[in-house]
Amino acid sequence: MHSLTLTQLTYIVALDKHRNFSLAAEACHVTQPTLSMQVQKLEEELGLILFDRSERPIAPTKIGARVIAQARNVLAEVERLSAIAEQATGEMKGVLRVGIISTLAPYLLPLVITPFAERYPRISLVFEEHVAEKITEYLRRDLLDVGLVATPVPESGIIEEPLFTEPFVGYVSRSHRLYAKKRITIDDLRPDQVWLMPEGHCFRDQVTLSLYGGSAPEWSERAVQFESGNLETLQRLVDRGYGMTVLPWLAVQGEGSSAPDQVREFEGETPGRTVRLIYAKALVKRHLVEAFARETLKSVAPVLPNGSILRQP
């Protein structure tokens, strides 16, 4: 009978995530020699090579990937036992790993972190910024517990819950022709005057879909070509007197977030995006995710327009 341990399974899962012995050891709070020795001991016990050390970064072997996938299942079931006990006693504690997209994180997290910590002091939140596709992948691999995204996720085994809608606004320079208008329309936008995220970025796709139903004008018709993966960079360009950009509602709320006189809401049917909570169907920490969803909605509701909340806090 193999004498493998849960600790060894934890180490190989961490090594698969980080693809580096030093980083995996740091994540597991052990020394690198300790982790390496335990991984090697497990390989000897199983009679299998789980990782190809000649690769840079290291990578699981074909059989190693199967063993690691099963190790995740075992660790998830062990965690489920603790979750069952916590739900039965009403105790709220543990670690919740949250993936969040970059165009939401800097604006939503400051609203949520403090109220959540005060309400649930025994729950540790760990946030990771990723694109939506990576968040979905990490949910499937049990490297994250829950994600916050703003695009639909048509993936089997992934549950999607709409939380709130976030309108888009125009952000115009003081020298721009639209600065004189109190509100703007979609028809006011000119491709040669709008700074956008790079081609393929989910926020660019959200703007295109929301404004034009997916068939955007030719955005590249401008003398100066510049695309940024950072909304704040686009804001600073506008602040310097160059053109305009389109921002999510939360990006222009709160002190220091923007120059209020440069924000223009849209007339008529307001373009925007739907922020969604996603998690694996076989979620272990459902009670922690529910607590996080409730507190997120309570925190964001006061700064969103009426009717934006899609689920009861």
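**Group meeting: two pockets and the helices around them**

Okay, let's start with the second largest pocket, which holds about 380 Å³ of space. Its lining counts 21 residues, and closest to the centre you'll find Asn73, Ala76, Leu139, Arg140 and Asp142. Keep in mind that this is a predicted model.

Who builds that lining? Helix 4 contributes the most, seven residues. Helix 4 and helix 6, which runs 132-140, each supply at least two. Sorted by class, the lining splits into nine nonpolar, three polar and nine charged residues.

Now, helix 6 itself. Its buried residues are Ala132, Ile135, Thr136, Tyr138 and Leu139. Look down the axis of helix 6 and those buried residues sit within an arc of 165°, so they line one face of the helix. And what covers them? The cover includes strand 3, strand 4, strand 5 (146-149), strand 6 (158-172) and strand 11. You've already met Leu139 as one of the residues closest to the centre of the second largest pocket. After helix 6 comes Asp142, with a positive phi near 60°.

Asp142 is a nice bridge to the next part. In the largest pocket, Asp142 is again among the residues nearest the centre, along with Thr10, Val13, Leu75 and Arg97. Here we have about 600 Å³ of space, and 21 residues line it. Helix 1 gives the largest share of that lining, six residues. The elements giving two or more are helix 1, helix 2, helix 4 (62-89), strand 3 (94-100) and strand 4 (123-129). By class, we get 11 nonpolar, three polar and seven charged residues in the lining of the largest pocket.

Helix 2 was on that list, so let me spend a minute there. Which residues of helix 2 are buried? In this helix, residues 21-28, they are Phe21, Ala24, Ala25 and Cys28. Viewed down the helix 2 axis, the buried residues fall within an arc of 100°, so they line one face. They pack against helix 1 (6-18) and helix 3 (32-46).

The two ends of helix 2 are worth a look as well. At the start, a side-chain oxygen of Asn20 comes to within 2.9 Å of the backbone nitrogen of Ser22. Just past the other end, His29 has a positive phi of about 60°.

Next up, a lysine. Is Lys285 buried or exposed? Its relative accessibility is 7%, and because the cut-off for buried is under 20%, Lys285 counts as buried. You'll find Lys285 in the loop between strand 11 (272-280) and helix 9 (286-300). Where does the side chain of Lys285 reach? To the backbone oxygen of Val95, at 2.5 Å. Setting aside neighbours within four places in sequence, the contacts of Lys285 are Glu79, Val95, Leu96, Arg97 and Asp145. Arg97 should ring a bell, as one of the residues nearest the centre of the largest pocket.

Last one, and for contrast, Pro110. This proline is in helix 5, residues 105-119. Pro110 has a relative accessible area of 56%, and since exposed means over 50%, Pro110 is exposed. If you want a landmark for Pro110, try Ser299: the two are 189 residues apart along the chain, with their C-alpha atoms separated by 9.5 Å.

That's my tour, thanks.

Definitions and conventions
Residues are numbered from 1 along each chain as its sequence is written. This is a predicted model: local features need pLDDT of at least 70, side-chain atom pairs count only at pLDDT 80 or more; totals for chains, interfaces and linings use all residues. Side-chain values use heavy atoms; hydrogens and water are left out. Helices (H or I, at least four residues) and strands (E, at least two) are DSSP runs, numbered from the N terminus. Buried means under 20% relative accessible area, exposed over 50%, partly exposed in between (1.4 Å probe, protein chains only). A polar contact is a pair of N or O atoms within 3.5 Å; within protein, one must be able to donate a hydrogen and the other to accept it, and residues adjacent in sequence count only if both atoms are side-chain atoms. Contact means heavy atoms within 4.5 Å. The arc is that of the directions from the helix axis to the C-beta atoms. On a 1 Å grid over the protein atoms alone, a cavity is a set of points where a 1.4 Å probe fits but cannot get out, and a pocket is an open set with protein on both sides within 12 Å along at least five of seven lines; lining residues have an atom within 4 Å of a point. Grid points are joined across faces, edges and corners, and a volume is the space filled by probe spheres set on the points. Ala, Val, Leu, Ile, Met, Phe, Trp, Tyr, Cys and Pro count as nonpolar, Asp, Glu, Lys and Arg as charged, and the others, Gly among them, as polar.
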